Amino acid sequence: MKKVGFSFLFLAFLACNSDDSPNSNCNFLFDAGVNLQVNTNLPQFSQLAFPNNGVFVPGQGNNGVWLWRLNSTSLLAWDAADPSHAPDVCSTLTESGTGDIVICGCDDENRYSLTTGLGLQGNTQPCTLQPYRVDDLGNGVYFVSN
């Protein structure tokens, strides 16, 4: 019985290894409410009718929401706040002018891919963008929520 108890404690210790836990510097974003209906037939969302295009929507999430049309069937939604910073004016991710890349306005200028949500090489923290759920309601209409 002692061997079973010791084995359990050892496994519990391994499960708590700090190398496997998320980076504590990536916990700045709030669980901010997102409740957004997107109609790609409307002018403000018309770019999303075509693959590899993005649209920024303010007033949702922490610092807005980035919508990215990955391909003809997939629409992705990410919080527009840099997850490496507490939400602030400079931490809102803006277009970099290079495809799917968005950039933080803070001094570290972290960059993220809207295709994968991953931070790019050179970022000060190994954080990823906070994703939101996207439901296809049909006829070019989507519902984005968390």
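Q: Which phi does G97 take in the hairpin of β5 and β6, and how many residues lie between the strands?
A: The hairpin has 5 residues between its strands, and G97 takes a positive phi near 85°. The model is predicted, with local features needing pLDDT of at least 70, side-chain atom pairs counting only at pLDDT 80 or more, and totals for chains, interfaces and linings using all residues. Residues are numbered from 1 along each chain as its sequence is written, and side-chain values use heavy atoms, with hydrogens and water left out.

Q: Why are β5 and β6 called paired strands?
A: A strand is a DSSP run of E with at least two residues, numbered from the N terminus, and two strands pair if DSSP finds at least two bridges between them. Strand β5 (residues 93-95) and β6 are joined in the antiparallel sense over 3 bridges, so the condition for pairing is met. In this pair, L93 has C104 in β6 as its bridge partner.

Q: How do you know that β6 also pairs with β7?
A: Between β6 and β7 (residues 111-113) there are 3 bridges, again antiparallel, so the requirement of at least two is satisfied. Here V102 stands opposite Y112, and in the turn, where 6 residues lie between the strands, E109 has a positive phi of about 50°.

Q: Which way do the residues of β6 point?
A: From β6 (residues 101-104), I101 and I103 point one way and V102 and C104 the other, and all are buried.

Q: Why is N62 called buried?
A: Buried means under 20% relative accessible area, exposed over 50%, and partly exposed in between (1.4 Å probe, protein chains only). N62, in the loop between β2 and β3, has a value of 16%, which is under 20%, and therefore N62 counts as buried.

Q: What makes the pair of N62 and F30 a polar contact?
A: A polar contact is a pair of N or O atoms within 3.5 Å; within protein, one must be able to donate a hydrogen and the other to accept it, and residues adjacent in sequence count only if both atoms are side-chain atoms. The backbone nitrogen of F30 lies 3.0 Å from a polar atom of the N62 side chain, which is within the limit of 3.5 Å.

Q: How do you know that β1 is an edge strand?
A: In the open antiparallel sheet of 6 strands, ordered β1-β9-β8-β4-β3-β2, β1 (35-39) and β2 (53-57) each pair on one side only. Strand β1 is joined to β9 (residues 141-145) by 5 bridges, and N39 stands opposite V141.

Note on methods
Helix = DSSP H or I, 4+ residues; strand = E, 2+ residues; numbered from the N terminus.
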